[in-house]
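The following exercises concern the structure shown below. Please attempt each task before reading its solution.

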Amino acid sequence: DDMGYDIRDYRAINPDFGTMEEFDELLEKVHEKGMRLIMDLVVNHTSDEHEWFRKALEDPESEYRDYYYFRKDDGSKTVPNNWTSFFSGPAWNYYEKEKVWALHLFSKKQMDLNWDNQELRDELVDMINWWLDKGVDGFRMDVINYISKPEGLPDGNEMIGAMMEFT
């Protein structure tokens, strides 16, 4: 979804772009020519198909539950706040079976990560170091300005206004 910005696996290459072996070969040839390779990296959200999100949704006691922004529904099926997605509509998905809401500032398939969770931060730093150890020279950080959310996720005139007001 969204041209591959719904990350399913941080340590894999989207098959549309080739294999890991082909990536390794590209990286080697780029370096042989004295150039550097910068990767696009999304750490604001993952796909709803990412293992972390699937486990978090399936099991409220999962270690991954706090990797995302979940809010239990009070029975009214009313969104937790008035934020809207950049892609239109509410910034929340409702999961009927689990009776919870989950935050997505972008596509309905791009579930926002909770950067207040230290274990999540550690996992992402480990992943970044894994790519650096492979030889990647740096990253363009996609929507990095949205990893911080206002405490309590309060209503705002719009999500951007709320983010600017509280960050």
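**Exercise 1.** Determine what share of the contacts with a separation of 6 or more joins residues 24 or more positions apart.

*Solution.* In this predicted model, residues 24 or more positions apart account for 62% of the contacts in the protein chain with a separation of 6 or more. One example of residues distant in sequence is the pair Met 127 and Tyr 10, which are 117 residues apart along the chain. In space, their C-alpha atoms are 6.9 Å apart.

**Exercise 2.** State how many helices and strands the protein chain has, and in what order they run.

*Solution.* Step one is the count: 4 helices and 7 strands. Step two is the order from the N terminus, which reads α-β-β-α-β-β-β-β-α-β-α. Step three is the extent of the chain: its C-alpha atoms fill a box of roughly 60 × 35 × 30 Å along the principal axes.

**Exercise 3.** Explain why the buried residues of helix 2 lie on the same side of that helix.

*Solution.* First, identify the residues: Trp 52, Phe 53, Ala 56 and Leu 57 are the buried residues of helix 2, which spans residues 51-58. Next, consider their directions: they cover an arc of only 125° around the axis, and therefore they lie on the same side of helix 2. A general rule is relevant here: an α-helix has 3.6 residues a turn, so residues three or four places apart point the same way. Finally, consider the cover over these residues, which includes strand 2 (45-47), strand 3 (70-72) and helix 3 (118-134).

**Exercise 4.** Describe the largest nonpolar core and the part that helix 3 has in it.

*Solution.* The largest nonpolar core has 33 residues. Those with the most contacts inside this core are Tyr 10, Phe 23, Trp 52, Tyr 68 and Leu 124. Two or more residues come from each of helix 1 (20-32), strand 1 (38-42), helix 2, strand 5 and helix 3. Helix 3 gives the most, with 5 residues. A second, separate core of 11 residues includes Trp 83, Leu 103, Leu 105 and Leu 153.

**Exercise 5.** Decide whether Met 127 is buried or exposed.

*Solution.* Met 127 is placed in helix 3. Its relative accessible area is 2%, and the cut-off for a buried residue is under 20%. Met 127 is therefore buried. Leaving aside neighbours within four places in sequence, Met 127 is in contact with Tyr 10, Arg 11, Leu 41 and Val 43. For the protein chain of 167 residues, buried residues make up 43%.

Conventions
Residues are numbered from 1 along each chain as its sequence is written. This is a predicted model: local features need pLDDT of at least 70, side-chain atom pairs count only at pLDDT 80 or more; totals for chains, interfaces and linings use all residues. Side-chain values use heavy atoms; hydrogens and water are left out. Buried means under 20% relative accessible area, exposed over 50%, partly exposed in between (1.4 Å probe, protein chains only). The arc is that of the directions from the helix axis to the C-beta atoms. Contact means heavy atoms within 4.5 Å. A nonpolar core is a set of buried Ala, Val, Leu, Ile, Met, Phe, Trp, Tyr and Cys residues joined through side-chain atoms within 4.5 Å.
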